[in-house]
Amino acid sequence: MITIAIAKGRMQDDAIALLAEADVRLSAESLASRKLALEDESGKYRFIFVKPADVPVYVEHGIADCGIVGRDVLLESEADVLLPLDLGIARCRLVVAAIDPQVIKGAFGMLRVATKYSRIAGAHFGAQGIPVEIISLSGSVELAPALGLADAIVDLVETGRTLRENGLKVAEVITDSTGRLVVNRASYQLKADEIATLTDALERAVRSVETR
Ligand code: PRP
């Protein structure tokens, strides 16, 4: 059996739909349940639903053979996992945003940046030689500038609605992100056939969704 860790939240529905397209299906009963570990209808796959940042942890440690999670999370985690497939789901951008985008270049002294992506944000500003104080938050990051906790944020933008409705503008795009299939290094060898079957089916599903 192959265990697949799926990031709960924004990615979950798209991941389940893509897996169904690849003929890996969860029953309606499973989908309606609140269980965090489920088997697919064929009994070949087990799914565990975990917080996005925990997907690379489960996969790196081999508790899950595979995972489906955003590139943003993988960049932040720097986990040692294999990255075989861009699934093209949950497309978004990782950006720097602020009430006034000029604040990034014009900051006097230390720029205070609130984010869930401390490592990415540190590297981004470090590369530009901009001194920053990273303020690590675990959610609702868009509140920080309006409340005076930070001058800017580094966060994901999908539709742009959360930024807009909290009075923020994009100052810089750091990178794009989509959902990725990641694989544990040992599983890739020990369960080579099963992983190849899954990867091929998902690859076909991605192509068929893209050409629709
Ligand atoms: C992400 C991100 C933004 C929002 C952007 O949060 O952190 O808050 O989505 O989406 P939009 O551009 O379509 O408005 P997510 O839903 O992943 O949850 P979290 O911040 O609570 O972790």
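Colleague: How many residues line the largest pocket?
Modeller: This is a predicted model, in which local features need pLDDT of at least 70 and side-chain atom pairs count only at pLDDT 80 or more, while totals for chains, interfaces and linings use all residues. Residues are numbered from 1 along each chain as its sequence is written, and side-chain values use heavy atoms, with hydrogens and water left out. A pocket is an open set of points, on a 1 Å grid over the protein atoms alone, with protein on both sides within 12 Å along at least five of seven lines, and its lining residues have an atom within 4 Å of a point. Arg10, Asp72, Lys116, Tyr117 and Leu156 lie nearest the centre of the largest pocket, and they belong to a lining whose residues number 31.

Colleague: Which element gives the most to the lining of the largest pocket?
Modeller: Helices (at least four residues) and strands (at least two) are DSSP runs numbered from the N terminus. Helix H4 (71–77), E9 and H8 each give two or more residues to this lining. With 4 residues, the one that gives the most is H4.

Colleague: Which element gives the most to the shell around the ligand?
Modeller: The residues around the ligand, meaning those with a heavy atom within 4 Å of it, include Asp155, Leu156, Val157 and Arg161. The ligand sits in the largest pocket, with more than half of its atoms within 2 Å of the grid points. Strand E9 (152–157) and helix H8 (161–165) each give two or more residues to the shell. The most, 3 residues, comes from E9.

Colleague: Which residue has a side-chain N or O atom 2.6 Å from an oxygen atom of the ligand?
Modeller: A polar contact with the ligand is a pair of N or O atoms within 3.5 Å. A polar side-chain atom of Lys116 lies 2.8 Å from a ligand oxygen, and a polar backbone atom of Glu158 is 2.8 Å from a ligand oxygen. At 2.6 Å from an oxygen atom of the ligand, the side-chain N or O atom belongs to Thr159.

How values were computed: A polar contact is a pair of N or O atoms within 3.5 Å; within protein, one must be able to donate a hydrogen and the other to accept it, and residues adjacent in sequence count only if both atoms are side-chain atoms. On a 1 Å grid over the protein atoms alone, a cavity is a set of points where a 1.4 Å probe fits but cannot get out, and a pocket is an open set with protein on both sides within 12 Å along at least five of seven lines; lining residues have an atom within 4 Å of a point.
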